[in-house]
Amino acid sequence: MQKKLLIIGGEGNGGVVASCIEDMTHRYDVNEWHIAGFINDYTDSVLEYPVVGKTDDIARFVNEGFFFSFAVHPIEKGLVRDRLFKKMTIPERQLATIVHPSSFIAQTATISSGAFIMSGCYIGHHTSIGKSAFIKANCSVFHHSKVGDLAHIVNGSTIGSYTEVGRASDVCMASTVLTKVKIGDFSVLGAKSLATRDIADREVHVGTPAKYFRHVE
């Protein structure tokens with residue numbers, strides 16, 4: 001029996017989740033999830049799916065046995081993301097863990113509840129992917145690395161070995177984090193940037209090599 005899924009978000013990252021599940025169903029015959037609709041506070045529909053409720057309604061849907069994919073990941077809004085996620089108090093057992101079948105996941109990797117891993121990704125051995133982390137297409141996370149809860153890694157990015165991406169941080173499109181570099185909580189590595197040294201909590205770094213740009217408010 002398919003699990004009833006509600007996607008929390010809009011047509012951006014929420015649409016990414018929906019398209020991933022559609023592809024899994026139609027091309028790979030993976031029928032684990034039925035998209036029952038979206039949770040969204042601002043609109044009545046997302047793409048071709050209905051909005052069935054607002055974030056304040058989540059407790060009711062939890063009691064009705066729905067699963068949830070948290071897809072609220074605007075860039076440089078990690079603090080907002082974190083507060084919203086904590087407010088929802090969704091049980092871990094009802095966070096939908098979604099991994100596209102074209103991705104490679106090492107047997108010794110740990111994928112936490114609610115994590116989303118899009119197509120064409122590589123997750124190396126002894127790597128940890130945090131709760132409701134969001135990894136888009138064609139990303140690589142090499143061995144012995146840690147991606148924190150609610151972290152957001154955008155298409156085509158590479159996370160080197162023995163690295164750490166902090167809670168609710170963003171690694172933007174086509175960026176690279178070198179081996180043993182740590183990105184702090186609620187921080188941002190800009191698009192096409194190269195992190196060669198640690199990034200402190202709540203900082204935005206951009207460029208090649210990446211340099212401090214501003215503080216995250």
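1. Which backbone oxygen does the side chain of glutamine 94 reach at 2.7 Å? In this predicted model, the partner is the backbone oxygen of phenylalanine 66.

2. Glutamine 94 itself lies in the loop between helix 3 (78-88) and strand 6 (98-99). Its relative accessible area is 7%, and because buried means under 20%, glutamine 94 counts as buried. Apart from neighbours within four places in sequence, the residues in contact with glutamine 94 are Phe61, Val62, Gly65, Phe66, Phe67 and Phe68. Phenylalanine 66 therefore appears both in this list of contacts and as the provider of the backbone oxygen described above.

3. A second loop position to inspect is histidine 144, located between strand 13 (140-141) and strand 14 (146-147). Is this residue buried or partly exposed? Histidine 144 has a relative accessibility of 32%, so it is classed as partly exposed.

4. The surroundings of histidine 144 include residues distant in sequence. When residues up to four places away are not counted, histidine 144 touches His125, His126, Thr127, Tyr162 and Thr163. Serine 119 is 25 residues from histidine 144 along the chain, and the C-alpha atoms of the two are separated by 21 Å.

5. The final point concerns a pair of strands. Strand 23 (residues 203-206) and strand 24 (residues 211-215) run antiparallel and are joined by 4 bridges. Within this pairing, histidine 205 stands opposite tyrosine 212 of strand 24. The two strands form a hairpin with 4 residues between them. In the turn, glycine 207 has a positive phi of about 105°.

How values were computed:
Residues numbered from 1 in each chain as written. Predicted model: local features only at pLDDT ≥ 70, side-chain atom pairs only at ≥ 80, totals over all residues. Heavy atoms only, no water. Buried < 20%, exposed > 50% of the residue type's maximum accessible area, 1.4 Å probe, protein only. Contact = heavy atoms within 4.5 Å. Polar contact = N/O pair within 3.5 Å; in protein donor to acceptor, adjacent residues only side chain to side chain. Pairing = 2+ DSSP bridges.
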